[in-house]
Amino acid sequence: MNANNSLGVEIIGIGSYAPQKVLSNFDLEKIVDTSDEWIQKRTGIKERRVVSEGQNTSDLAYMASLNALKMANISPEEIDGIIVGTATPDYLFPSTACILQDKLGAANAFAFDLSAGCTGFIYSLSVAESFIKSSKCETCLVVGSELISRFLNWRDRTSCVLFGDGAGAFILKRGVKNSIKSIDIKSNGKYAPLLYMPAGGSSMPASEKTVSDNLHTVHLKGKEIFKIAVHSLSNSALSLLSKASMSINDIDMFIPHQANKRIIDAVAENLKISEDKIYINIQRYGNTSSASILLALDEAYQKGLIGKGSTILMTAFGAGLTWGGAIVEL
Ligand code: UT7
């Protein structure tokens, strides 16, 4: 079959990038009333990466994209679509995707951002898959990039210890092989107030008061989200397996969104998947939102724990609330 006439969507490039600067739990002990012991016990996080001055979300996305382009062995001009899943864009507008397009020199691509919180990468993957299948594009760069450290209230110990900065990228191309075995995206706006940034949008524009009240930062009700996350991630994984006519035994590696090690453990127990089939790197990166699955997947790939032909189950949840997942064969 001619690749141009086929409807397969193939993953041809994977890349990620995390900034150099490490912020450990011990560093945080000096900033807020917390302890390394509490953070590790309740979240599994030991340290996270944070950007340096002058680095923006688009810079993280750029580095991850370069790595993915290298693996795909294609030039930026061959990309005809760029989707960036981010909740922490360079600007409200223009999109971070357009800034990335310019940095890459991907002159032939359309570019836009997609807002689905920590599920941003899964949503972007789903949109890219549909675009390729409906011939809206042939080679799509899908990025999850987050710079959360600039949107945290560093006096709020209930949120600032959880997050880190990073980015990851997939390059998808229309081909004979179909890498995406099943994909699922869901949302429930009723839960929007559980995880949001109160100010900076049209409902509460910036003012001296919004700045002094720290309203341009992440506000979350962690305990409530925790319960919904375990339930929705477990259900999403089961529905993905069923759609793909697979059982959990067909999965080589489960790579969940890295928000909390205890959430991952609870989902793993529900899915009855063994520990050696779950990839976790939250201890070194914290929650990097839409970048977390890609940072973990690329790391597992670089270590040789997964490779061409591996079947990966990915699930995520985040602001919206949104959740979803995908089963892919690399
Ligand atoms: O990816 C999407 C975004 N991520 C999330 O939405 C996170 C989901 N939720 C979680 O991961 C967990 O709920 C948290 C890690 C946020 C919190 O863990 P928890 O086991 O649900 O703790 P908690 O909120 O029930 O707090 C327990 C105690 C409280 O003290 P009291 O009331 O028992 O005296 C908190 O004030 O721990 C206290 N606490 C802390 N203590 C030290 C909360 N944060 C900290 C902290 N250091 N950083």
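**Notebook: two sheets, a ligand and some odd backbone spots**

I started with the five-strand sheet, which is open, has mixed pairing and runs β1-β7-β6-β4-β5. I'm working on a predicted model, where local features need pLDDT of at least 70, side-chain atom pairs count only at pLDDT 80 or more, and totals for chains, interfaces and linings use all residues. Residues are numbered from 1 along each chain as its sequence is written, and side-chain values use heavy atoms, with hydrogens and water left out.

My labels: helices (H or I, at least four residues) and strands (E, at least two) are DSSP runs numbered from the N terminus. I call two strands paired if DSSP finds at least two bridges between them.

**First sheet**

I looked at the edges and found β1 (8-17) and β5 (110-114) there. Each has a single partner strand, so one side of each is left without a neighbour in the sheet. From one strand to the next the twist averages 20°. For angles, axes are lines fitted to C-alpha atoms (for helices, over the stretch in contact), and values run from 0 to 180 degrees between N-to-C directions.

Next I checked β6 (residues 139-146) against β7 (residues 166-175): they run antiparallel and are joined by eight bridges. Ser145 sits opposite Ala167 in β7. Helix α5 (residues 120-133) packs on this sheet and touches β1, β4 (81-85), β5, β6 and β7, with contact meaning heavy atoms within 4.5 Å. The direction of α5 makes about 20° with that of β7.

**Second sheet**

I then traced an open sheet of four strands, β8-β13-β12-β11, again with mixed pairing. Here β8 (180-187) and β11 (253-256) are the edge strands; each has a single partner strand, so one side of each lacks a neighbour in the sheet. Direction ignored, neighbouring strands of this sheet are turned by 10° against each other on average.

β8 runs antiparallel to β13 (residues 322-329), and seven bridges join them. I picked out Ile180, whose bridge partner in β13 is Val328. Helix α8 packs on this sheet, touching β8, β12 and β13, and its direction makes about 145° with that of β12. I met α5 again here, lying across β8, β12 (311-318) and β13 and running at about 120° to β8.

**Ligand**

I counted a residue as near if one of its heavy atoms lies within 4 Å of the ligand. Of the 22 residues around the ligand, Thr34, Lys223, His257, Asn260 and Asn287 come nearest. Helices α2 (36-43), α6 (157-160) and α8 (222-243) each supply at least two residues of the shell, and α8 gives the most, with four.

For polar contacts to the ligand I used pairs of N or O atoms within 3.5 Å. A polar side-chain atom of His257 is 2.9 Å from a ligand oxygen. The side chain of Asn287 has an N or O atom 2.9 Å from a ligand oxygen, and for Trp38 the distance is 3.2 Å. Taken alone the ligand exposes 960 Å², of which the protein buries 76% (Shrake-Rupley method, 1.4 Å probe).

**Backbone oddities**

Most residues other than glycine have a negative phi, and most peptide bonds are trans. I noted a cis peptide bond between Phe93 and Pro94, omega about 5°; Pro94 is in the loop between β4 and α4 (96-104). Gly320 to Leu321 is also cis, with omega near -15°, and Leu321 is in the loop between β12 and β13. Ser245, in the loop between α8 and β11, has a positive phi of about 50° although it is not a glycine.

Terms used:
A polar contact is a pair of N or O atoms within 3.5 Å; within protein, one must be able to donate a hydrogen and the other to accept it, and residues adjacent in sequence count only if both atoms are side-chain atoms.
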